[in-house]
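Here is a friendly walk through one part of a protein model. Keep the picture beside you and look for each piece as it comes up.

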Amino acid sequence: MPMIELTSTDTTREGGSNPVPAYVAEPGPGATVRGGLVLIEEIWGVNDHITDVANRLAAEGYLVVAPEILALGVDLEEAAELGRIRAHGTDEERHDSQPRFRELLAPTHSPEFAGAAITALRSAVGRLLADERVDGRVGVVGFCFGGTYSLALAAADDRLRAAVSWYGAPLDADDLSGVRCPVLAFYGAEDEHVTASRPAVEQALGETGTPFEGIVYPDAGHAFFNDTNPLAYRASPAADSWRRALAFLAAHLQQTG
């Protein structure tokens, strides 16, 4: 697995600065690089699903960096196990795992975690921009937890040219005032809590004149894109959102020179 390390001022642990590992996927030899993408994980970590998405994006011509920002405060083995239970466990196992899931997420709710995560993500943007093949064309793509952080990174880093969020709610709608790049967001109508945040995102970005399109799929819930989760995956909205995301990225990361 190709990996690099990113820098982060990690205030969630003793010792200050802490390297953050990141998975890297590149277009094949001789392929034209169409831009760079920061890919942000679901709450289960940079797992097989996320590395598969990274490889799919690389096959489309993008240089992809997927930082393991959960390493800043989350037990990754526990995240992987809970992800397995969520996707493949019995109803009883999923019900019984709820307290563990809340405990897993607890560190991610702190401002210190958010600050360290954004620092690492900005480092990923910097790594991509340092590659001359990227030619200044960097965007962000995220799912669930990563969809939330794709919005947060767009608000914190004006070097981005495009942001795509799958079922991500903003950390704080007021914080979206810093977003300057176009945003494309996908939601499932059955994912009521997250989808309820869509109007606030649209309003906040509308106030700054930032282009926003939020698409709600009527027969989909949370994690509808994740084809490793048979309970959540919905083939039709997954395929449609992928097509739309690729068209959006191609439009906004195209060369201008």
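Let us start with a helix and what surrounds it. Among the elements that cover the buried residues of α6 are β3, α5 (111-129), β5, β6 (162-166) and β7 (183-188). Keep in mind that this is a predicted model.

**Two helices**

How much of α6 is covered? Of its 12 residues, 10 are buried, so the helix counts as mostly covered. The buried residues of α6 include F145, Y149 and L153. A general point helps when you look at any such helix: an α-helix has 3.6 residues a turn, so residues three or four places apart point the same way.

Why should α6 span 16 Å? Helix α6 covers residues 145-156, and its 12 residues at 1.5 Å a residue should span 16 Å; the end C-alpha atoms are indeed 16 Å apart, which agrees.

Now find α1. This helix also has 12 residues, and the distance from its first C-alpha to its last is 16 Å, close to the 16 Å expected. Its buried residues are H49, I50, T51, V53, A54, L57 and A58. What do they pack against? Their partners are β2 (20-25), β3, β4 (62-67), β5 (138-143) and α9 (235-252).

Both ends of α1 have a detail to look for. At the start, a side-chain oxygen of N47 comes to within 3.2 Å of the backbone nitrogen of H49. Just after the helix, G61 has a positive phi of about 110 degrees.

**The strands**

β5 appears in the surroundings of α6 and also among the packing partners of α1. All this strand's residues are covered: six of six are buried. V138, V140 and G142 are buried on one side, while G139, V141 and F143 are buried on the other. That fits a general pattern: in a regular strand the side chains alternate between the two faces of the sheet.

β2 is mostly covered as well, with five of its six residues buried. The table lists how the strands pair.

| Strands | Direction | Bridges | A facing pair |
|---|---|---|---|
| β2 and β4 | antiparallel | four | V24 and V65 |
| β3 and β5 | parallel | five | V38 and V140 |
| β5 and β6 | parallel | five | G142 and S165 |

**F143 and E42**

Look next at F143, which is found in strand β5. Is F143 buried or exposed? Its relative accessible area is 0%, and the cut-off for buried is under 20%, so F143 is buried. Leaving aside neighbours within four places in sequence, F143 is in contact with L39, I40, E41, E42, I50, V53, W166, Y167 and F225. The chain also brings distant parts together here: F143 and H222 are 79 residues apart along the chain, yet their C-alpha atoms are separated by 9.8 Å.

One of the contacts of F143 is E42, so let us finish there. Where does E42 lie? E42 sits in the loop between β3 (35-40) and α1 (48-59). Apart from residues up to four places away in sequence, E42 touches H49, I50, L70, F143, C144, F145, Y167, A223 and N226.

E42 is buried yet has no salt bridge. Why not? A salt bridge needs a side-chain nitrogen of Lys or Arg within 4 Å of a carboxyl oxygen, and the nearest side chain of opposite charge, R86, is 9.5 Å away, so E42 has no such partner.

Methods. Residues numbered from 1 in each chain as written. Predicted model: local features only at pLDDT ≥ 70, side-chain atom pairs only at ≥ 80, totals over all residues. Heavy atoms only, no water. Helix = DSSP H or I, 4+ residues; strand = E, 2+ residues; numbered from the N terminus. Buried < 20%, exposed > 50% of the residue type's maximum accessible area, 1.4 Å probe, protein only. Lys, Arg positive; Asp, Glu negative; His and termini not counted. Contact = heavy atoms within 4.5 Å. Expected span 1.5 Å × (residues − 1). Polar contact = N/O pair within 3.5 Å; in protein donor to acceptor, adjacent residues only side chain to side chain. Pairing = 2+ DSSP bridges.
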